[in-house]
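Me: Could you take a close look at one part of this model for me, chain B, and then at how its partner chain meets it? I would enjoy one connected walk through it.

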Amino acid sequence: MEFEITFLVMACIFGLFMAWGIGANDVANAMGTSVGSGAITIKQAVIIAAIFEFAGAYLAGGQVTKTIRKGIVDANLLSGTPDLLIYGMLAALLAAGIWLLVASRFGWPVSTTHTIVGAIVGFAAVGIGMDAVKWAKVGSIVMSWVVSPALAGIISYWLFRSVQKFILNKDDPFKYAKRYVPVYIFFTGFILALVTLFKGLKHIGLELSPVESYSIAILVGLIVMTIGIYFISKIKHDPNADKDFHFANVEKVFAVLMVVTACGMAFAHGSNDVANAIGPVAAVVSVVESGGEIGQKSALPSWVLLLGGGGIVAGLLMYGRRVITTVGKHITELTPSRGFACELAAATTVVLASGTGLPISTTHTLVGAVLGVGMARGIGALNLNVVRTIFLSWIVTLPAGAILSILFFFMFKGMFGG
Amino acid sequence: MARTTISSMFGSSPVKPLQQHMAGVQECIVELVPFFEAVLEQDWKTAKAQQKKIARLEGAADKLKRNLRMQLPRSLFMPVSRRDLLEVLTMQDKIANKAKDIAGLITGRKMEFPDAVNDQLIAFVKRAIDASMQAQTAINELDELVETGFGGREVKLVQSMIKELDLIESDNDKLEVKIRGALFKLENDLPPVQVMFLYRVIDWIGELADLSQRVGSRLELMLAR
């Protein structure tokens, strides 16, 4: 192996750049709903996102990273030529980064996840051989792209229906909001903690039995709920606020819930999307560190997860604030009682996928969740055109990512392999 | 900065603009009361000023209507059917149009009303305005309806408002019958052309309440979906 240091540095730079891009752009979709509904300010959104994106990436990002790193390409075929894997992963990172730049310039709703998966499949299938791709795994990933928005939509539909039934349609919705919102808060904390505990914490040396996981998750839920109850108890009914719009006070209670789901959303996003940036980095690192062996067994070094988390936070701090503001301004129709349903549904779906190691698009999942609330007649107007352009972007993104990555693969091969 | 996927997903809700349009319509039609008072006193200067005001307010409501229509592309996914929504808008718009027509016709012909029907006429106009006000009250509940996802208590509330609107309209019908009866007794002593137009004005005032009622029944269709 020559150029080891060069490969490492390149991988880190490309990975950091991707993570930075995710922080600058994708986070806005996850956090914008909270800001748009007025539940939190921009500043709070940035702080919440920074903390929970990082926590999600570090604590629960391992499984998806593993899939990106060694779930798509069959590394056994490469045991004699480990450098091919390095070229390919570098090419995939570069291709995805460039494609995302182009797409965001034109405002296309492409997903980071779809781009990186397309890029990895591309270099593996063409650069190495059709056999090098684990098509079964790729098939299940693609399936999850269809299932995840649908699942989020179904969850958000029923969440919102339950809010209608238990709170909004009562004679005194304010009283019922105060009674039931803590339950939703508990549920949010419980689900996120549970999935994280089940799948995530091995790399920081924490192994728990199912009973322990459940107990801790319940405990986390209760703690979050107690904090929530404290803030809810401080909300006083203000009759003036209800003059124009009878649910103004009720929405104030939901705003507390929405702060919690915003944290959950940021956590979920970090746990899934960070892998897009650092999965390929991890693959390169493991080959280089094991001295050219394809280390199927080697564990994911923690510093790589830190790199991804750090990159996301950097992008968020430098650029994300502006994008979140833009998003927030456009979705004022989304009140906290809907926003939480969307976020909780999306966060649950994404965290479940993270636990299973499926790389899915957080943004598309959120789109599904918003549609779910729309189906429950909860949103003034939704643009169905967006759904169509998302489908179109799938059709374009996969080959675009693949072709670019094939080009870069042969370029790297020519540069370093000669 | 291009809008992101999530932000481009949200269209602008038609609810507020629809309510604003109805408010504009209401603002226009309440001016009929001072207008009729001036006409009955044969104060044509004031009447003309009022008629101009009504026409101007109708124009303003028209602008709101056009703006709302422009922002309702077919690709929009809304909690109410697009057709019902546009239908409500059209009905609301017709109320203002009718008010403008009434004021225009009366001013143009400098119409005189027999003293015997004066009081009844004012009461009749006021009742028609009550109807449109009730329609506006119901339309103002639309944002609460969306908030509750068109369920339970809020739906019952709006249904009771629409029932009230129906009562006002049928009350208005009774007033119309009475005023026609009064006019019928006098019509032989009045110039026939004048009588013809008197009946027409009475017709149109009755239509004001009819249109308000139709705003209500369209709203009811929205609830039912």
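Reply: Happy to; what follows goes from chain B as a whole to its helices, then to the interface and a few single residues. This is a predicted model, in which local features need pLDDT of at least 70, side-chain atom pairs count only at pLDDT 80 or more, and totals for chains, interfaces and linings use all residues. Residues are numbered from 1 along each chain as its sequence is written, while chains are lettered from A and ligands numbered from 1 in the order in which they are written.

Chain B contains nine helices and one strand, where helices (H or I, at least four residues) and strands (E, at least two) are DSSP runs numbered from the N terminus. Along the sequence they follow the pattern α-α-α-α-β-α-α-α-α-α. The C-alpha trace of chain B spans about 70 × 40 × 25 Å along its principal axes. Of its 225 residues, 44% count as buried; a residue is buried if 20 or more other C-beta atoms, placed from the backbone, lie within 10 Å of its own, exposed if 12 or fewer, and partly exposed in between. Among contacts in chain B with a separation of 6 or more, 87% come from residues 24 or more positions apart, a contact being two C-beta atoms, placed from the backbone, within 7 Å.

B:Met91 is a good residue to look at within this chain. It lies in helix H5 (residues 82-109) of chain B and is buried, because 22 other C-beta atoms are within 10 Å. Not counting residues up to four places away in sequence, B:Met91 touches B:Leu211, B:Arg214, B:Val215 and B:Arg218. B:Val39, by contrast, is 52 residues from B:Met91 in sequence and 27 Å from it in space, C-alpha to C-alpha.

Next comes a helix pair. Helix H8 (residues 152-186) and helix H9 (residues 192-224) of chain B pack at an angle of about 165°, with their axes 10 Å apart; axes are lines fitted to C-alpha atoms, for helices over the stretch in contact, and angles run from 0 to 180 degrees between N-to-C directions. H8(B) and H9(B) are therefore roughly antiparallel, the word used for angles over 145 degrees. The residues of their contact divide into eleven nonpolar, six polar and seven charged. Here Ala, Val, Leu, Ile, Met, Phe, Trp, Tyr, Cys and Pro count as nonpolar, Asp, Glu, Lys and Arg as charged, and the others, Gly among them, as polar.

Now for the partner chain. In the interface, 41 residues of chain A are in contact with 30 residues of chain B. Elements giving two or more residues to the chain A side include helix H1 (4-36), helix H6 (135-168) and strand S1 (382-383) of chain A. That side has 20 nonpolar, 17 polar and four charged residues. S1(A) pairs with strand S1 (residues 76-77) of chain B in the antiparallel sense over two bridges, pairing being called when DSSP finds at least two bridges. A:Asn383 has B:Leu76 in S1(B) as its bridge partner.

Finally, two backbone details. Most residues other than glycine have a negative phi. A:Arg377 has a positive phi of about 60° although it is not a glycine, and is found in the loop between H12 and S1 of chain A. B:Gln42 has a positive phi of about 55°, in the loop between helix H3 (32-40) and helix H4 (44-70) of chain B. A:Arg377 counts as buried, with 20 C-beta neighbours inside 10 Å, whereas B:Gln42, with 11, counts as exposed.

Terms used:
Parallel < 35°, antiparallel > 145°, perpendicular 65-115°, else oblique.
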